[in-house]
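Hi there,

Here is the structure I promised to pass on. Have a look at it first, and my notes follow below.

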Amino acid sequence: MKKIKFYINNKEYTALENDSVLDVALREGLNVPHLCKHPDLAIKGNCRLCLVQVENKGVVTACSTVVEKGMQIFLETEEVKSLRKTNLELIFSEHQEKCATCLYQDNCQILKYAAEFGIKISRFEDRKKHYSTWQFGDSIRFDSSKCIDCRNCVEVCDKQACSFYEIAERGVETIIKPKGEVGGITSPHPLLLKEGSLDLLKNDVDKFDCTYCGQCVTHCPVGAISGVSHWEEVEKLLKDRAGKILVVEIAPSIRVSIGEEFNEPYGKIVTGQLAASMKALGFDYAFDVNLGADFTTYEEAQEVVEMVLNNKSRPLFTSCCPAWVKFVEFYYPEFIAHLTSANSPHMCSGPIIKTYFADYLKKDPRDIVVVSIMPCTSKKHEINLETHTIDLGWCLERLDLPNIKNICPDRKQLQGVKIKAVDYVLTTREYAHLLHKHKIDLSKLKAEKLDKPLGVYSGAGAIYGATGGVMESALRSADYFFRVWDETDSLKSVVKGENYKLKKKRFSKLLQSRIEFKEVRGQNGIKEARVKVGGRKLNVAVVNGLGNAKKILDDLKAGKVKYDYVEVMACPGGCIGGGGQPIPTNSKIRAQRANAVYEIDKNLAIRTAHENPSLLEVYNKYFKGDKEIIEKVLHSKFKVKQKTGYTIV
Amino acid sequence: MFRQSLLKKIKKSGLIGRGCNNFLVAEKWEMVKRVKGAEKFVVCNISESEPGIFKDKYILEKWPQLVLDGINLAMHEIKAKKGFVYLNPLYYGEFQASLEQIILKNNYSIELFEKPLHDYVGGEETAVLNSMQGLRVEPRLKPPYPTKVGFYGAPTLIHNCETFYAVSLTNSGVYKNTRFYCLSGVDRANDVKELATDLTVRAVLQEFDHTPSVDFFYQVGGGAAGFCYNYKQLNRKFEGSPAIIIYKNNDSEQAIVMKWLDFFRKESCGQCVPCREGTFRLRNLMYTYYQGGKLDKKAFDDLILSLQKTSLCALGRTATNAVVSYFKNVKGI
């Protein structure tokens, strides 16, 4: 590749062909303020903050200026500084500061710039005070009084194939908003943004809806879009338990990302400190969703095996990403039947905590509060789904819960009482904010262990955080299940959790089955592979990003491709790039978080779900091969969804 | 042989584009030609939406055939299969029938496109392309220029209506280094004259039988983005569009200044910070001042600099030309 020599502040630098001035500056660790530029997205050049002086050219934006040979760039001339100041002051006039309730207060880019530039943030009066806040389902909130019109959300939502946002009107009346109303620039009656006029927008729910993936949240530079807040309620409970037991559980991808909120390097594994922090905050029990992920794998792999053995219609799609599920339910209902029914990891551990663990504690399940810390905004939606409620009457009838039966002698009262399996979902950001607020510096804590009996997990559970992880986990166990089937002619031992020892050993003495499927790893949007598991060949695909999912679904519909099993994650890179993750998140950071997830897997003694003793114990002791129980506790039903659009809050 | 000689003729004539960038026509054609293998397009931009400019209409009334011939010649030269005439909605209503008749008669592969709004920024060349693609009507970041990445990403040759008229004349060897000047303003009906390309403002005023005096000031280059000069400053060539608007010196300052500021506040596409916010703040600042409030001079200066130096497109960069030059040249502030 051609290398180009040029100068920044009279010092020589090297650029690659088509590098922008900003690319090089950031790579070299030079400070150039910028807001609308995001490495995942196209250069838009609309915030006009990354101004630099180019000799013989004047002031330009660094993001949109391609380096030329011999170019002389000056980053901080008096003129540049003064112009940046004015533009930042204008940006602040669009952004109503609501810092007290804003998660960004711990890490706010524009406040940082404000301090750095020494500007008066109230120089121009806030002009968006009366702008609406929209809520999308039960997951995402968009406060347009904080929006600086950079359009990142619009672009990323288009990339996610949902196009739920639009840019309407012109000039100072320009507004970024959820789609659907009378306006639009070609409207003969442009909607002037007077007080109250936004409330008149029509909710065009027939055509558009949000999957709650939260990519708009991680791509918003000013915190105008956020997950619906659960941290305040959790904080209240931590202060005043009101007789409740607080159980917190962490998703596989949290431990490799939350360190960033405490100035740790990207991809630092902080599981032990995370455990310590949860105790420091006052949670009674801290569990690992990785074990839940093992349950998902165990069930999911059986579905894969059954599909092949019974020659069911293909492909089978993973279903542990609720944004992906919602995407299918809305836009491709014809594929709903192809989704696996195994619950997502925290929806496996949640019901187990509220039943068997409650029984172990001798507690009424209604007195247990489960909080999941998730990389995800869509999980806030998932916990409210009807399919994820626990029917207490049924539980007492069918499950082996002697202690709870003692506490609740009058079973009739519990007939038809349904409780949520998981009560709150905190995003990585929300949890980090709770820690900041309570002055707990995660990076300084001494590592502790997570609680058992729900604490043991396998490497298969650990890799759920990265794109390809669910697929790889399922393949590891499917390989074993196929062999069990071949040797015993049934999967009974699997359903019973008997840990059947295979007679025929493959590969090596140490490994019963194949462990690593590196062909499904990596950050590519669509990965295809032909893998051999249990003596059978499967065509698999791993997809991340809903835009890529749309491509695959359209190709499947058109008969252009054929797969047996497909993993889809709505967010780029999978959960490590999820909508609840620390900001910034971009391709480089996602790759580093993913590497850490595989590092955890590599160092674990047990790397398959079917070898996990904690999991086998639950199947053995509690499920006892009863398919109805397994079905009810660990499986979901999906159905065509009515579109809900947004509400004004 | 014929085609080569057209580009040569144009090169020899030194023909300059009649938009406001003073770009050499031959150079633009060569840039489009240079892109190998791609599908190419020609667009004739008849957006004509700046106050005080009405020459395209004049040309469409008198020489529609020459304009379409020019487009067709350019299409042959750059090997474009398709040409477009982008017409503002008023002109579309007025000229659609006559233009389509000529296209049909000559069997030209040219299509008319009605501009959705009669707005100002929609005349910027990349906004024209967005508009034709059904996208939001606003300028794109440049580079890349349309000559490389234009209509649906294809290399596209865009000229103003008058340029194609001049191309036709050049092709038939009768181009005489003339262009169209517009005059409007106090006590006059809008007027257009075809005169030599290199006249000074004063000379043009003379041709229009106007004698500059201390009673008047002049906005040169268009009624929105043009600069204001007093009667002593007219021995200058034109920059931008050759249009002059005559004002009376004792016209209400408030009315004039607010007219310009309102115009840009309304016409900003809303894409970039300095223009979206700056045109709005500047307008409010002066409004407050004219209502008897205090003028925040520092904010006034900062907003103007930010607009001029940091706007994404020419609309924002030129949005304060009139106001600034008015205060400087007319008011002597």
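**The sheet in chain B, and a pocket**

Let me start with one pair of residues: B:Val42 stands opposite B:Leu157, which belongs to β4(B). Please keep in mind that this is a predicted model.

That pair sits in a wider pattern. Strand β1 of chain B covers residues 41-46, and 5 bridges join it to β4(B), the two running parallel. Both are part of an open sheet of 4 strands in chain B, ordered β3-β2-β1-β4 with parallel pairing. At the edges are β3 (110-114) and β4 (156-160) of chain B, each of which pairs on one side only. From one strand to the next, the twist averages 20 degrees.

Two helices of chain B lie across this sheet. Helix α3 (residues 55-62) of chain B lies across β1, β2 (82-87) and β4 of that chain, and runs at about 110 degrees to β1(B). Helix α4 (residues 64-78) of chain B lies across β1, β2, β3 and β4 of chain B, at about 155 degrees to β1(B).

Now for something you may want to look at in chain A. The second largest pocket has a volume of about 1500 Å³. Its lining takes in 43 residues, and A:His34, A:Tyr266, A:Pro584, A:Asn586 and A:Ile589 are the ones nearest the centre. The elements giving two or more residues to this lining are α1 (21-27), α3 (109-117), α5 (215-219), α14 (428-437) and α19 (587-602) of chain A. By type, the lining residues of the second largest pocket comprise 18 nonpolar, 14 polar and 11 charged.

Happy browsing, and best wishes!

Definitions and conventions: Residues are numbered from 1 along each chain as its sequence is written. Chains are lettered from A and ligands numbered from 1 in the order in which they are written. This is a predicted model: local features need pLDDT of at least 70, side-chain atom pairs count only at pLDDT 80 or more; totals for chains, interfaces and linings use all residues. Side-chain values use heavy atoms; hydrogens and water are left out. Two strands pair if DSSP finds at least two bridges between them. Axes are lines fitted to C-alpha atoms, for helices over the stretch in contact, and angles run from 0 to 180 degrees between N-to-C directions. Contact means heavy atoms within 4.5 Å. On a 1 Å grid over the protein atoms alone, a cavity is a set of points where a 1.4 Å probe fits but cannot get out, and a pocket is an open set with protein on both sides within 12 Å along at least five of seven lines; lining residues have an atom within 4 Å of a point. Grid points are joined across faces, edges and corners, and a volume is the space filled by probe spheres set on the points. Ala, Val, Leu, Ile, Met, Phe, Trp, Tyr, Cys and Pro count as nonpolar, Asp, Glu, Lys and Arg as charged, and the others, Gly among them, as polar.
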